[in-house]
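Hi,

Here's the structure I said I'd pass along. Have a look, and my notes are underneath.

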Amino acid sequence: MTIVWKSRWNTGLEAIDRQHHSIAEHINKLGAAIPSAKTAQPESHDHDADEYAHYAFLFQSLSTGEFSYVLEDLIVCLETHFDFEENLHQQTHYQLSDSHKETHDVFLSRIKKYKERFAAGEDVAEKLHRILTKWIEHHIQYDMDYAATVKQLPPSVIAEMISVENANVKVGFVRSFALFAKVLTKK
Ligand SMILES: [Fe+2]
Ligand SMILES: [Fe+2]
């Protein structure tokens, strides 16, 4: 299932909305990289069974690698986004910051466990993608509460906080880029 952005998901905080968009795009990319979706039989049926098995194996390993890479990147994106939100909560003395952080931590460790299971060869890609697709809507609805708190502040204060936090997001992107470079040098 592809995530289609809904206008009711806009929190009114541009930086947050941009990050949520990016997370949704990553989840869609992950859906497109689900290994089973890439192992469709080749169009030509001229080759014999051995040859088909060889290509099936090749497609499988290529797509498994792609799924792993997109998943790694998504996890970096989630960690960066959660840090961004939690720092905003601290700066605004958001009352539910502890319980909100707990939902982030629990979800992240759940996703990391799925990542380990996938890496160990378990067929969990589709299930993981389904969980993420459902999760994003809940996550954004939950964020609406602190977004309302932040939006009560003067625009100049919000702008200053967002610019500090945007610098932190860049650190996250650098991490993501470093990860990409690592994957490339492994090839
Ligand atoms: Fe969020
Ligand atoms: Fe959140």
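I call a residue buried if 20 or more other C-beta atoms lie within 10 Å of its own, exposed if 12 or fewer, and partly exposed in between. Keep in mind that this is a predicted model.

By that cut-off, the buried residues of H4 include Ala125, Leu128, His129 and Leu132, and further along His139, Ile140, Asp143, Tyr146 and Val150. The helix has 27 residues, so at 1.5 Å a residue it should span 39 Å; its end C-alpha atoms are 38 Å apart, which agrees.

H4 does bend, though, by about 35° at aspartate 145. So is that residue buried or exposed? Partly exposed, because 13 other C-beta atoms lie within 10 Å. The C-alpha atom of aspartate 145 is 9.3 Å from that of threonine 11, although the two are 134 residues apart along the chain.

Now the cores. The largest nonpolar one has 14 residues, and Ile23, Ile27, Leu30, Phe67, Leu74 and Cys77 have the most contacts inside it. Helices H1 (14-32), H2 (49-92) and H4 (125-151) each give two or more residues to this core, with H2 giving the most, 6 residues. Isoleucine 27 touches Ile3, Leu74, Leu132, Thr133 and Ile136, leaving aside residues up to four places away in sequence.

There's also a second, separate core of 6 residues, with Leu13, Ile16, Phe84 and Tyr146 among them.

Shout if anything looks odd on your side.

Cheers

Technical notes. Residues are numbered from 1 along each chain as its sequence is written. Chains are lettered from A and ligands numbered from 1 in the order in which they are written. This is a predicted model: local features need pLDDT of at least 70, side-chain atom pairs count only at pLDDT 80 or more; totals for chains, interfaces and linings use all residues. A nonpolar core is a set of buried Ala, Val, Leu, Ile, Met, Phe, Trp, Tyr and Cys residues joined through C-beta atoms within 7 Å. Helices (H or I, at least four residues) and strands (E, at least two) are DSSP runs, numbered from the N terminus. Two residues are in contact if their C-beta atoms, placed from the backbone, lie within 7 Å. The expected span of a helix is 1.5 Å times one less than its number of residues. The bend at a residue is the angle between axes fitted to the seven residues ending there and the seven starting there.
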